[in-house]
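Me: I've got this model open and I'd like a close look at a single part of it. Pick one helix, go through it slowly, and tell me what surrounds it.

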Amino acid sequence: MTIVANDNNELIPTRTMTGWKVCMDYRKLNKATRKDHFPLPFIDQMLDRLASKEYYCFLDGYFGYNQIVIALEDQEKTTFTCPYGTFTFKRMPFGLCNAFATFQRCMMAIFTNMVEKCLEVFMDDFSVFGTNFDDCLLNLAKVLKRCEETNLGLN
């Protein structure tokens with residue numbers, strides 16, 4: 001926010017334009033896409049499993065599925081044109097019908113040996129838990145190490 005004086009010399013808080021936001025209509029692409037029905041976990045079941053734990057912590061993934069690289073041969077499908085040229089997405093943009101399923105499948109593959117043992121994963125929200133404080137810290141160290149190994153960004 002920036003404070004700008006108006007015609008009456010009053011100070012008005014104003015949001016300055018620092019960049020462009022793009023909203024794409026992928027309805028035609030989504031209609032032609034074979035749907036991925038990889039299931040998202042049931043949040044109530046995850047919370048039930050967490051409720052029995054005494055120690056837990058939460059991690060927030062950074063930009064979720066925008067971290068997933070689109071295969072080079074598929075990038076042209078995300079092409080859009082604007083007055084400044086033609087552009088394609090190199091990473092999965094918002095609006096693709098399989099974005100959530102793809103990201104959840106990726107997270108399950110990365111953390112396959114940890115899920116339900118010391119970690120619950122719902123999209124880009126991670127809940128690390130343990131039976132005692134030291135156990136929770138140990139599990140957190142394992143999860144963070146795996147994030148580093150796979151270049152998974154966290155907020």
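**A close look at helix H4**

Reply: Let's take H4: at 1.5 Å a residue, its 17 residues should span 24 Å, and its end C-alpha atoms are 24 Å apart, which agrees. The expected span here is 1.5 Å times one less than the number of residues. Helices (H or I, at least four residues) and strands (E, at least two) are DSSP runs, numbered from the N terminus.

Before going on, keep in mind that this is a predicted model: local features need pLDDT of at least 70 and side-chain atom pairs count only at pLDDT 80 or more, while totals for chains, interfaces and linings use all residues. Residues are numbered from 1 along each chain as its sequence is written, and side-chain values use heavy atoms, with hydrogens and water left out.

Start at the N-terminal end of H4, which Asn-132 caps: one of its side-chain oxygens lies 3.2 Å from the backbone nitrogen of Asp-134. At the other end, just after H4, Asn-151 takes a positive phi of about 60°. For background, most residues other than glycine have a negative phi.

Now the sides. Cys-136, Asn-139, Leu-140, Val-143, Arg-146 and Cys-147 are the buried residues of H4. Seen down the helix axis, they fall within an arc of 125°, so they line one face of H4; the arc is taken over the directions from the axis to the C-beta atoms. Buried means under 20% relative accessible area, exposed over 50%, and partly exposed in between (1.4 Å probe, protein chains only). Turned away from that buried side, the opposite face carries the exposed residues Asp-134, Lys-145 and Glu-148.

What does the buried side sit against? Its residues pack against strand E3 (55-60), H3, E6 and E7.

Some of those partners also share a core with H4. The largest nonpolar core has 23 residues, and Val-143 is among those that touch the most other members, along with Tyr-65, Met-107, Phe-111, Leu-119, Val-121 and Phe-126. Such a core is a set of buried Ala, Val, Leu, Ile, Met, Phe, Trp, Tyr and Cys residues joined through side-chain atoms within 4.5 Å. H3 (99-110), E6 (119-122), E7 (125-130) and H4 (133-149) each supply at least two of its residues, with H3 giving the most, four. Leu-119 shows how Val-143 is tied in: leaving out residues up to four places away in sequence, Leu-119 touches Val-143 as well as Phe-111, Met-114, Phe-126, Ser-127, Val-128 and Phe-129. Contact means heavy atoms within 4.5 Å.

You'll probably wonder about the two cysteines on the buried face. A disulfide is a pair of cysteine sulfur atoms within 2.5 Å, and by that rule the count comes to zero. Cys-57 is in none; its nearest cysteine sulfur, that of Cys-136, is 4.5 Å away. Cys-147 has the cysteine sulfur closest to that of Cys-106, but at 11 Å they are too far for a bond. Cys-106 is partly exposed, with a relative accessible area of 26%.

One last stop is the loop between E6 and E7, where Met-123 lies. Met-123 has a positive phi of about 55° although it is not a glycine, and at 10% relative accessibility it counts as buried.

Notes: A polar contact is a pair of N or O atoms within 3.5 Å; within protein, one must be able to donate a hydrogen and the other to accept it, and residues adjacent in sequence count only if both atoms are side-chain atoms.
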